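Here are my notes on this model, as numbered points. Please read them with the structure open.

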Amino acid sequence: MGGAARNARKSRQQAAAARSVAQARGSKSDRNKIIAVVMAVVVVAALVIGGVLWINSSKNATQDSAIQPGTTSALGPGVVEKRDGAVVAVGKPGAPKTIDLYADFLCPYCAKLQQDFGPRMEKAINDGQLTVRYHMVLLLNKNSDPPGYSLDSANAALAAADQQKFTAFHDALFKNQPQEGGRGYDKAQLIKLGQDLGITDPKFAQAVNAGTYDQQLQTAFQQVQSDQKLQQDFGNGQVGFGTPTVAVDGKAIPASGDWLTKVLNG
């Protein structure tokens with residue numbers, strides 16, 4: 001074989017070897033890409049599964065848990081809790097000031113108002129300065145999972161009022177408020193709270209289980225929503241009824257700043 005032939009064959013061998021190396025590199029690159037994609041899919045799947053588990057855990061947070069009675073309420077001698085339809089008035093006869101408080105047991109802003117002003121309102125009630133008319137509204141009734149916690153808790157609170165345990169029941173529900181969008185306390189848990197607060201009359205459990213005051217609450221909520229005196233300006237041209245709402249002489253007032261002192265001194 002001549003030198004030219006040998007050189008030609010050597011060139012072909014080198015070219016073939018170069019192609020083999022390139023193919024091998026390409027295959028390795030492809031494998032790396034596949035591995036990267038698979039790893040990304042695994043990470044996303046883990047995040048999705050973790051998110052679902054967290055959501056389910058949050059939604060079911062109240063399941064089988066007890067509502068702690070707490071010690072936030074301490075009504076003094078002479079204070080009367082009187083249910084009138086779907087409204088509960090708490091105060092001493094002849095108190096010079098009266099407010100109407102509209103709240104939903106699932107509303108986090110209502111819980112904040114109770115946290116900030118509840119003890120002061122109860123002191124003013126005990127001192128004979130104030131009567132509070134509590135309206136349990138169903139604004140977030142569809143926002144629990146399953147829906148209906150706002151109605152069930154409001155009905156139970158009215159049943160507790162018949163046993164002169166409304167304030168303690170009311171305060172305990174806000175202190176143990178479930179997460180909006182989560183699972184609310186069921187009727188058995190609401191009954192257990194009443195029992196822990198000293199309610200022994202079987203009529204309480206019967207009223208909770210039967211939804212005795214459901215219709216009254218639903219009718220009252222429809223009336224509240226259409227009451228022009230209770231409409232509030234939420235900004236950006238949005239006007240409507242919201243919770244919490246504080247009203248004096250039937251008209252909503254701004255529940256901002258030290259509104260309670262203004263009411264008591266007004």
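1. Start with one bridge in the sheet. V87 has H135 as its bridge partner in β4. The model is predicted, so local features are read where pLDDT is at least 70. The strands behind this pair are β2 (residues 87-91) and β4 (residues 130-136). They run antiparallel and share four bridges.

2. Now the whole sheet. It is open and has six strands, in the order β1-β2-β4-β3-β7-β8. The pairing is mixed. β1 (80-84) and β8 (251-253) are the edge strands; each has a single partner, so one side of each lacks a neighbour in the sheet. From one strand to the next, the twist averages 30°.

3. Two helices lie across these strands. α2 crosses β2, β3, β4 and β7 (245-248), at about 145° to β4. α3 (residues 149-161) crosses β1, β2 and β4, at about 125° to β1.

4. D104 deserves a look. It sits in the loop between β3 (97-103) and α2 (108-126). Which side chain of opposite charge is nearest to D104? That is K142, 12 Å away. A salt bridge needs nitrogen and carboxyl oxygen within 4 Å, so K142 does not qualify. D104 is nevertheless buried.

5. What does D104 have for polar partners? Its side chain makes a polar contact of 2.8 Å with the side chain of S150. A polar atom of the D104 side chain also lies 2.8 Å from the backbone nitrogen of L106. Leaving out residues up to four places away in sequence, the residues that D104 touches include C110, V137, L139, N141, F174, Q177 and T243.

6. Salt bridges elsewhere: the count is seven. One of them joins D258 and R120, at 3.1 Å from N to O. This pair links distant parts of the chain, 138 residues apart: D258 is in the loop between β8 and α8 (259-265), and R120 is in helix α2. Both ends are partly exposed, D258 at 36% relative accessibility and R120 at 35%.

7. Two further pairs are worth checking. K123 and D127 form a salt bridge, with the closest N and O atoms 2.8 Å apart. K123 is exposed at 51%, while D127 is partly exposed at 44%. D186 and R183 meet at 3.2 Å, N to O. Is R183 buried or exposed? R183 is buried, because its relative accessible area is 14% and the cut-off is under 20%. D186, at 29%, is partly exposed.

Key
Residues are numbered from 1 along each chain as its sequence is written. This is a predicted model: local features need pLDDT of at least 70, side-chain atom pairs count only at pLDDT 80 or more; totals for chains, interfaces and linings use all residues. Side-chain values use heavy atoms; hydrogens and water are left out. Buried means under 20% relative accessible area, exposed over 50%, partly exposed in between (1.4 Å probe, protein chains only). Lys and Arg count as positive and Asp and Glu as negative; His and the chain ends are not counted. A polar contact is a pair of N or O atoms within 3.5 Å; within protein, one must be able to donate a hydrogen and the other to accept it, and residues adjacent in sequence count only if both atoms are side-chain atoms. Contact means heavy atoms within 4.5 Å. Two strands pair if DSSP finds at least two bridges between them. Axes are lines fitted to C-alpha atoms, for helices over the stretch in contact, and angles run from 0 to 180 degrees between N-to-C directions.
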